[in-house]
Amino acid sequence: MSQYIIVFQFARLSSFAMWLILLLGCLFIGSKLTSGQFLESDCGYMSREALKNEGHQAHISESPWMAYLHDSGKFLCGGTLINHRFILTAAHCISNGEDLTVRLGEYDSSTSHDCSGSVCIPPSEEFEIDLAIRNGNYSRSQRYDDIGLLRLERSVEYKVHIKPICLITNPALQPMIEGLQRLVATGWGRSSLGSPSHILKSIRVDRLGRSECRRRYLVDCRWDQICVSHEPGESCSGDSGGPMGHAIWYHGQVVFVQVGIVSYGNPECQSPSVFTDVMGHMTWIQWALDLYS
């Protein structure tokens with residue numbers, strides 16, 4: 001059984017520093033990126049087969065950064081590998097009464113060797129957590145600042161099926177992101193009926209005005225949150241903590257950049273849903289990594 005400490009970490013943010021946000025469309029934002037503007041340089045690689053996937057089931061090589069968070073095998077939340085030691089997830093996925101373990105390289109939780117047709121990947125790997133960091137401003141009632149980090153007990157060796165997602169660290173790119181309308185979210189969450197999916201899902205979501213989520217949930221949807229629509233039953237319980245993002249063209253290849261974290265939605269899996277804006281919290285992420293790495 002792993003033992004880890006949960007800390008509630010407040011970032012020292014100025015109002016100007018909080019004006020960050022996310023990525024932008026493929027070629028346009030890619031042309032704006034230069035070396036060193038990702039948190040991890042070797043990140044977000046997507047295979048050609050994954051790029052062609054338009055189905056609701058993720059391609060087996062689509063998301064090698066996905067983290068499967070479980071308590072003694074019981075699936076609880078998703079997350080993303082962002083460097084050799086840290087997982088990014090939602091704050092509400094971090095609770096005092098749960099003994100979280102991180103599984104990386106997972107695709108189909110019902111099998112020990114994952115294959116899709118003739119394509120197979122190596123076995124998944126388990127990682128204990130030695131520190132859980134919840135944003136100190138997280139509000140369970142109003143659902144603001146729903147973001148957290150998990151520090152792994154040992155360093156992750158990157159492999160074909162275990163790689164970090166890209167996080168953009170340049171706040172100057174924030175103004176461009178609002179025009180990005182179509183995004184992709186992945187997770188093992190359940191559909192409107194039944195248990196969590198044992199195979200990783202990939203769904204398309206569309207950005208909405210934040211007023212739509214304000215009307216639906218009767219709480220503010222702030223500038224550092226993202227309101228999206230999706231097909232009924234697609235984004236639901238169990239997807240929490242998982243990523244939403246977009247592929248961009250960068251240095252001659254396509255990489256996947258994380259834009260949001262699944263935060264909350266309708267208990268019956270109806271649209272819309274609310275995501276935490278990653279770049280809106282990038283100052284906090286970098287500060288926590290500097291403090292606890």
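The questions and answers below concern salt bridges and burial in a predicted model of one chain.

Colleague: How many strands does the secondary structure of the chain come to?

Modeller: The secondary structure of this chain is made up of helices as well as strands. Five helices are counted, and the strands come to 15.

Colleague: What share of the residues in the chain is buried?

Modeller: A residue counts as buried when its relative accessible area is under 20%. By that cut-off, the buried part of the 293 residues in the chain is 58%.

Colleague: How many residues apart are Arg85 and Asp130, which form a salt bridge?

Modeller: The closest N and O atoms of Arg85 and Asp130 are 3.4 Å apart, and a salt bridge needs such atoms within 4 Å. Arg85 sits in the loop between strand 3 (74-81) and strand 4 (86-89), whereas Asp130 belongs to strand 8 (residues 125-135). The pair therefore links distant parts of the chain, and the separation is 45 residues.

Colleague: Which residue is linked with Arg85 and Asp130 in a network of salt bridges?

Modeller: Arg85 and Asp130 form a salt bridge with each other. The network that holds both of them also includes Arg151.

Colleague: Is Arg182, the salt-bridge partner of Asp206, buried, partly exposed or exposed?

Modeller: Asp206 and Arg182 form a salt bridge in which the closest N and O atoms are 2.9 Å apart. Asp206 lies in strand 11 (residues 201-208) and Arg182 in strand 10 (residues 182-187), so the pair ties together parts that are 24 residues apart in sequence. Because the relative accessibility of Arg182 is 46%, and the range between 20% and 50% has its own class, Arg182 counts as partly exposed.

Note on methods:
Residues numbered from 1 in each chain as written. Predicted model: local features only at pLDDT ≥ 70, side-chain atom pairs only at ≥ 80, totals over all residues. Heavy atoms only, no water. Helix = DSSP H or I, 4+ residues; strand = E, 2+ residues; numbered from the N terminus. Buried < 20%, exposed > 50% of the residue type's maximum accessible area, 1.4 Å probe, protein only. Salt bridge = Lys/Arg side-chain N within 4 Å of Asp/Glu carboxyl O.
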